[in-house]
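Me: I have a protein model to study. Can we go through a few questions about it?

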Amino acid sequence: MVDLSLELSPRSTTKVINRYGVTYINMSSSKRPNQHIDSGYSWVILFAATLVAFFQLGIAKVFGVFIPELIEQLQMSAFAVGLNFSIAFGLASLLGPVWTALTYHMSHRELVVSGGVLSSIGLIGASLSQSSVHLCCSMVLLSIGSGLPLVAKIVSIKDFFEKKFAMANGITYTGGAIGMTVLAPIIEVLINTYGWRGAMLIFASMNFNMCVGGTLMIQHERSHTSAKQDKQREHDTSGSPSQRSWMDNILGLIKNFTKNLGFSVLCNHRILLTYLTAMMVHDLAFCGWVLFLVSYTITVGYTAQVASFLSALGGGGALLGRLVAGPFIDKGFISGHMAFIIFLVGGAVMMFCYPFVDAYWLLSLVSLMSGFFLGSTSPIYVVLLKEILRNDESGFSGSMGLQYMFRSVGMLAGGPLTGWLYDISGNFYFSFMTLAGLEAIGALLIIIRPSRFKKCLSRPETNRSAYLDMKDINVATLDTQVEKV
């Protein structure tokens with residue numbers, strides 16, 4: 001344990017003596033890092049993150065409205081349109097580790113504002129498209145813009161919320177669900193009024209509001225800790241940038257960027273691989289359910305209007321689940337680990353029920369509860385990551401990028417797998433039961449590893465004083481250490 005002794009000087013400074021040397025801290029200028037936790041400006045951060053999620057996820061639903069127009073006006077095949085949209089949304093998640101690395105080199109405000117600008121420019125380019133190649137280039141730009149804020153907005157919520165993190169995270173995801181529900185009808189009216197090009201231009205101007213959310217974000221001081229440590233260690237081992245050649249500077253920059261991709265978190269927390277696999281399987285089942293719920297309802301004899309209503313019920317269940325689960329976790333009624341298992345099992349049971357219900361009210365109930373369980377698992381998983389990595393600030397950012405990369409595989413595979421199962425069986429019963437089985441496998445992976453999870457939570461907090469510069473120790477932590485001495 002580090003020996004600490006404090007001595008107050010007339011100039012309101014404190015002398016910290018330990019085995020690494022002597023450091024003087026200006027007590028009058030020190031800022032307590034908890035000044036904005038769960039209160040004050042934290043709610044502005046929550047509003048900004050929810051606004052960003054509103055447009056980020058709303059884009060996914062909006063493009064479904066543009067598909068018929070693009071096929072007719074640009075003479076494109078359905079496969080080409082689907083490929084372009086897969087690039088737009090799959091690439092953004094697949095590059096999750098890259099967005100994590102950028103959080104070490106750019107502030108959250110810069111990432112969100114840059115994402116809003118690039119995605120809006122991509123939408124403007126798409127509105128001017130004359131060919132599939134032009135549209136594909138615009139979709140790549142849109143994908144990069146949509147991906148930049150992915151990790152930054154969640155890490156901002158994590159920095160500014162401690163006791164109410166689960167609730168705040170659920171509200172952020174709810175903003176995305178509302179965007180998917182509200183924006184599609186608005187865009188359909190705009191298409192009927194101004195055509196698809198005019199509607200996409202108007203939507204691009206609306207999407208610039210992501211920049212408004214970005215400007216409201218401020219960087220919490222504890223977000224810079226890991227970056228400061230890395231720069232200090234690099235300076236100590238390699239010297240200052242002015243003392244190195246330009247080639248060494250470039251190689252050092254590439255080395256630091258690749259180190260910050262987040263893959264090292266899997267070495268430090270091997271249990272994460274189990275949870276990432278479970279989440280990938282869940283997203284496969286969830287995307288299959290979302291894409292083919294309407295088709296399934298029609299095949300069992302109901303009209304398209306009834307099928308759309310059941311789809312809306314599923315969306316309403318997801319909204320309800322995201323709002324309800326967070327406060328229960330924050331109050332300590334249930335842990336994120338147990339909630340994750342319950343929602344995975346609940347989703348599997350609901351999808352397994354589809355082939356056995358025919359009555360309209362039963363089908364409505366199953367759709368509502370399916371949305372409640374399946375649509376709320378993602379925010380609960382983020383809370384689970386915070387529980388696992390509660391002693392590893394930089395590990396949380398890395399795990400967020402990895403979970404987007406793993407989930408993108410499930411998202412891209414869910415639709416083709418469900419459709420292929422329908423093609424070979426001739427009905428959706430087998431498809432939905434297979435999806436239910438996959439969801440159950442994800443839950444089983446978590447259930448059979450409880451001891452590893454408990455061991456992870458009981459691991460003592462790592463003593464990082466050997467790596468920290470003592471002038472960056474906050475006053476609250478210093479007071480605690482002095483009382484122990």
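Me: Which residues does T50 touch, not counting residues up to four places away in sequence?
Reply: First, keep in mind that this is a predicted model. T50 lies in helix α1, which spans residues 42-73. Leaving out residues up to four places away in sequence, T50 touches I171, T172 and G175.

Me: Is T50 buried or exposed?
Reply: Buried means under 20% relative accessible area. T50 has 17% relative accessibility, so T50 counts as buried.

Me: Which helix gives the most to the nonpolar patch?
Reply: The patch is on the surface and covers about 460 Å². V117, I121, I124, L128, L201 and F208 make the patch. With 3 residues, the top contributor is helix α4 (residues 108-127).

Me: What is the relative accessible area of I124?
Reply: I124 lies in helix α4. I124 is also one of the residues that make the nonpolar patch. Patch residues need over 30% relative accessible area. I124 is partly exposed, and its value is 31%.

Me: How many contacts beyond four places in sequence does the model have for residues 457-485?
Reply: The protein chain averages a pLDDT of 76, and 73% of the residues score at least 70. Over residues 457-485, pLDDT stays under 50. Where pLDDT is low, the predicted coordinates should not be read in detail. With that caution, the count for residues 457-485 is 45 contacts.

Me: Where does the model have 7 such contacts, with pLDDT under 50?
Reply: This is a stretch where pLDDT stays under 50. The 7 contacts beyond four places in sequence belong to residues 234-242.

Methods:
Residues numbered from 1 in each chain as written. Predicted model: local features only at pLDDT ≥ 70, side-chain atom pairs only at ≥ 80, totals over all residues. Heavy atoms only, no water. Patch = residues over 30% accessible without salt bridge, like charges linked within 9 Å, V, L, I, M, F, W, Y side chains within 5 Å. Areas by Shrake-Rupley, 256 points an atom, 1.4 Å probe, with all protein chains shown as cover. Salt bridge = Lys/Arg side-chain N within 4 Å of Asp/Glu carboxyl O. Helix = DSSP H or I, 4+ residues; strand = E, 2+ residues; numbered from the N terminus. Buried < 20%, exposed > 50% of the residue type's maximum accessible area, 1.4 Å probe, protein only. pLDDT = per-residue confidence, 0-100. Contact = heavy atoms within 4.5 Å.
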